[in-house]
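Me: Got a minute to go through a model with me? I'll paste it here.
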Amino acid sequence: MAAEATLVVQPAPAPIRIAKKAWQLRRWPLIPMLILAIFVLTGVFAPLIAPHDPERGGLRERNLPPSWEEGGSSKFLLGTDHLGRDVLSRVIFGARISLIVAAVTLGVGMGIGVVSGLAAGWYGGWIDEVLMRVVDIKLAIPTILLALVLVLALGQSFMIIVAVLAIAVWPRFARNVRGEVLQLKTMDFVALAKVAGASTPRILFIHIFPGVINTLIVLATLEVGIVILLESTLSFLGAGVPPPTPAWGSMVSDGRDRLAVAWWISTMPGLAIMLTVLSMNLFGDWLRDRLDPRLRQLN
Amino acid sequence: MQRYLLRRVLLALLTLLAVSLIIFVMSRAAGDPRHVYLDDYSTQEDWDRLTATLGLDKPYYHQYGIFLASALKGDFGESIKEGRPSTEVIIERIPATLQLGLAAFIFSVVVGVPLGILSAVKRGSVLDTIGKMVALVGQSAPVFWLGLMLVFLFAVRLEWLPPYGRQEISSIILPAVSLGWFYAAANLRLLRSAMLNVMDSEYVKLARAKGVSNNAVIWKHSLRNALIPVLTFAGVTLGSLVTGSLVVETVFAWPGLGQLAIQSLAGNDYPLLQAVVIVFTLMYVAVALLVDIMYAYIDPRIRYA
């Protein structure tokens, strides 16, 4: 009876609104995905695509404007920098650095986050207390400052940058995974697995982990933008992947004092960062709406 | 309530302790600290004296104790470059950073809040599109690049505003806008979605059905409730505005703590760097603590959670 009553009371959903929402959800974010595809492809095939050597310049070709400006040549589509290096080639190779750093950082950060999140959520008790306090402390320390100090003390190399960025991203994964595990471990299928004699690692990785994957995918896409921004900020401040490797942040920094004579040196790599992060965010928002209805917002 | 407060204060202290430990380990890992203070012309007595002051002949935990004790007294040693106590150098820089942070905060509220309300109320209008652009740029453009682009446009091309420094009053505009933009974007997004949520709720529909005027529905019924997440975020913002100044102060040569931190990093000025990092963290943690305590007073759900 009660069920019937609620059925009657419940207002009919507006069919048009639901249809519209469904249509919007099914619609792929085409432009962001196109930009991301370009980003990944240029990153992977950088040596094949780049028209020039990104690290070699010519003194005759210093500060040449982009081809559409007066004095620009079609040889250097986006112009050259203060050392005569081709800006376009450097932006292309910069995509490679950002891509590698983001991939490795997220891989490592996610790994640490997942393992500690699973442990904290599953075992509870002092393990949970210690891990979550470490997360709290990490989130209470300003990220860039910590990263700068670590890079200064440990030295500037690719591995160290990745390690520092992984330290920056793992807490959010840990916290979210823990929350999911707390919920999942009360489920019947977990109890059944226990009764069937499954070992703890088996329960954690075969039974519980799959339930966390959707959240992880969404979180990871949203974190890519953050990692790219962090990496570029570090390299802008001179604490990124060491030169002459072309990283977007250090390229923006190269053009800092030359805005009046050669605005394109800073502008182009910055545009590349913005477009990539923007596309990643839009794609992540869409993915979140698709995969995780609980996080869905009115838009 | 008391338990909650105690927990928050303990966590803040723990954070500071962790940071001091990181800094201590870093400074020891980077090499013999005596090389930082002394050079080839120092005498053996200088070396011995410093060894005693820093406790270098004692075990590490004892050295950390000495470091911590003097840090608590506000003594971080003399800045190598300036040749005077680090604390003194830092205190001079604090006003500039606070000024910039405050200006950026005001910008983020003045731009983000009205645009957020209007883009929710006039959904799909030109204003909504403008709001979307502001939000998208703010959340994806790197702060340092945004700053440089503003300099290029308003200082180099139009020559309306000074490109860097802190000589004129108008000098603060560009750094404040670059620093505040991200938070303006966040405020805008939060408020827009909160407003849409609230305006879709039953009591707002009831108010409309009762014939309450549109303005009253928006300003009285909706906005008050939609402001809660924005206020929450504003608290978080205050702390990160302080550290956001690291980048912005470097771009605009703004003579605050952020610039000092980068300078001490670049110049290997360890005593000064340690002090700056501690002060930064202290400000960050203190603001977060204050905000949390405020919420506990405002929102009883937090107290008993």
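Reply: Sure. One term up front: two residues are in contact if their C-beta atoms, placed from the backbone, lie within 7 Å. This is a predicted model, where local features need pLDDT of at least 70, side-chain atom pairs count only at pLDDT 80 or more, and totals for chains, interfaces and linings use all residues. Residues are numbered from 1 along each chain as its sequence is written, with chains lettered from A in the order in which they are written.

Me: OK, how many residues of chain B are in contact with chain A?
Reply: 38 residues of chain B, meeting 34 residues of chain A.

Me: And which helix gives the largest share of chain B's side?
Reply: H1(B), with eight residues. Helices here are DSSP runs (H or I, at least four residues), numbered from the N terminus; strands are E runs of at least two.

Me: What's the secondary structure of chain B overall?
Reply: 13 helices and zero strands.

Me: Is chain B compact or spread out?
Reply: Spread out: its radius of gyration (over C-alpha atoms) is 24 Å, well over the 19 Å that the globule rule, 2.2 Å times the number of residues to the power 0.38, gives for 305 residues, so chain B is more spread out than a compact globule. Its C-alpha atoms fill a box of roughly 90 × 55 × 25 Å along the principal axes.

Me: Switching to chain A, what comes just after H5(A)?
Reply: Gly124(A), which takes a positive phi of about 60 degrees.
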